[in-house]
Amino acid sequence: MNARQIAETVRAELDRRGVRPYRAAQMAGLPDNTFRYVLEERDTRLSKLVDVCDALDFEFYIGPRREAPASRGDAPPAVPVRDLERATRDLVRLTANAGGDPIPDDLWPVLAVRHGGGAPFAADENLPGAGPIDVVEFAAAAGGGAGAFDEAVSGRVWFRRDWLDRRGLDPVRCAVIGVRGGSMYRTLPDGCSILVDRQRTELVDEAIFVVRAEDGLAVKRARRGEGAGWAFVSEHGSRRPLPRSAVAEIVGQVVWMARALI
């Protein structure tokens with residue numbers, strides 16, 4: 001489907017239900033403009049399209065073109081194994097490693113991933129044109145903290161060197177960690193992985209940081225208050241802001257994230 005076909009399908013379903021776009025978004029717990037962006041055929045995020053499909057009980061599918069069977073009793077046509085493998089690989093690229101967005105190949109950040117459990121990581125282990133970043137064995141809470149920061153390396157992710165350079169990222173000063181908790185949903189859902197730049201510790205209004213508080217590490221959005229005051233806030237309305245005075249250390253700024261959609 002192209003953007004126009006998607007918009008027409010969504011509009012027809014909303015009309016069938018007799019629901020206005022903003023009301024459908026509110027009923028699904030989504031931002032008010034979620035459906036409007038799709039209906040206006042904007043270049044929306046893949047994650048937004050998934051939210052719309054979930055709200056309308058549509059199936060979200062990426063893969064080889066599926067032809068409808070001739071009749072209800074016919075079995076669907078078989079998909080060639082090669083096409084299925086390619087579609088599965090592309091779907092993993094789009095969702096698990098790319099933060100949920102379709103990204104052109106020249107902007108594709110991740111080249112390889114290695115998990116722990118095997119031989120120790122060699123100092124010279126590398127890929128041409130790529131920079132290795134350690135995966136730190138730690139769950140950075142998006143809620144109320146997750147204990148002490150454990151520097152043990154459990155894996156390694158190779159990011160494209162040109163992708164890192166364009167963003168001024170030094171792989172030695174970065175870390176990939178996991179997020180646990182729902183206070184930063186929908187930006188950083190529970191279970192996603194984030195790339196943290198430990199060099200960026202100067203607060204930026206509305207940027208997201210990993211911070212160390214009394215009860216451990218947490219992922220929060222920095223927000224400038226009146227005067228020179230700062231607070232760290234969650235996206236979940238029930239969470240109280242964390243004042244700057246309660247934060248012992250700014251571990252680093254979140255500069256990239258990866259999430260699975262299935």
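## A loop residue with positive phi

Asp-57 is found in the loop that runs between α4 and α5 (81-95). In this predicted model, the phi angle of Asp-57 is near 60°, which is a positive value in a residue other than glycine. Most residues other than glycine have a negative phi. Asp-57 has a relative accessible area of 69%, and because exposed means over 50%, Asp-57 counts as exposed.

A second residue can be described in a similar way: Glu-206 has a phi near 75°, again a positive value in a residue other than glycine. Glu-206 is placed in the loop between β5 and β6. The relative accessible area of Glu-206 is 34%, so this residue is classed as partly exposed.

## How α1 and α4 pack

Helix α4 covers residues 46-56, and it packs against α1 at an angle of about 30°, with the two axes 11 Å apart. Because angles under 35 degrees count as roughly parallel, α1 and α4 are described as roughly parallel to each other. The crossing in which α1 passes α4 is left-handed.

Which residues make the contact between α1 and α4? On the side of α1 they are Ile-6, Val-10, Glu-13, Leu-14 and Arg-17, while on the side of α4 they are Leu-49, Val-52, Ala-55 and Leu-56. Sorted by class, the contact of α1 with α4 holds 7 nonpolar residues, no polar residues and 2 charged residues.

## A salt bridge within α1

Glu-13, which is one of the α1 residues in the contact with α4, also takes part in a salt bridge, in which its side chain meets that of Arg-16 at 2.7 Å, N to O. Both Arg-16 and Glu-13 belong to helix α1 (residues 3-17), where they lie 3 residues apart, about one turn of the helix.

Are the two partners buried or exposed? Glu-13 has a relative accessible area of 11%, and because buried means under 20%, Glu-13 counts as buried. Arg-16, by contrast, has a relative accessibility of 62% and therefore counts as exposed.

## Other salt bridges and a network

In total, the count comes to 10 salt bridges. One of them joins the side chains of Arg-36 and Glu-40, at 3.6 Å, N to O. Arg-36 is partly exposed, with a relative accessible area of 35%, and Glu-40 is also partly exposed, at 42% relative accessibility.

Another salt bridge is formed by Glu-206, the loop residue with a positive phi, and its partner is Arg-221, with the closest N and O atoms 4.0 Å apart. This pair links distant parts of the chain, since Glu-206 lies in the loop between β5 (193-197) and β6 (208-213), whereas Arg-221 lies in strand β7 (residues 216-224), and the two are 15 residues apart. Glu-206 is partly exposed, at 34% relative accessible area, whereas Arg-221 is buried, with a relative accessible area of 15%. These two residues also belong to a network of salt bridges that links Glu-206, Arg-221, Arg-223 and Glu-235.

Definitions and conventions. Residues numbered from 1 in each chain as written. Predicted model: local features only at pLDDT ≥ 70, side-chain atom pairs only at ≥ 80, totals over all residues. Heavy atoms only, no water. Helix = DSSP H or I, 4+ residues; strand = E, 2+ residues; numbered from the N terminus. Buried < 20%, exposed > 50% of the residue type's maximum accessible area, 1.4 Å probe, protein only. Axes fitted to C-alpha atoms, helices over the stretch in contact; angles between N-to-C directions. Parallel < 35°, antiparallel > 145°, perpendicular 65-115°, else oblique. Left-handed = near helix turned anticlockwise from the far one by under 90°. Contact = heavy atoms within 4.5 Å. Nonpolar A, V, L, I, M, F, W, Y, C, P; charged D, E, K, R; others polar.
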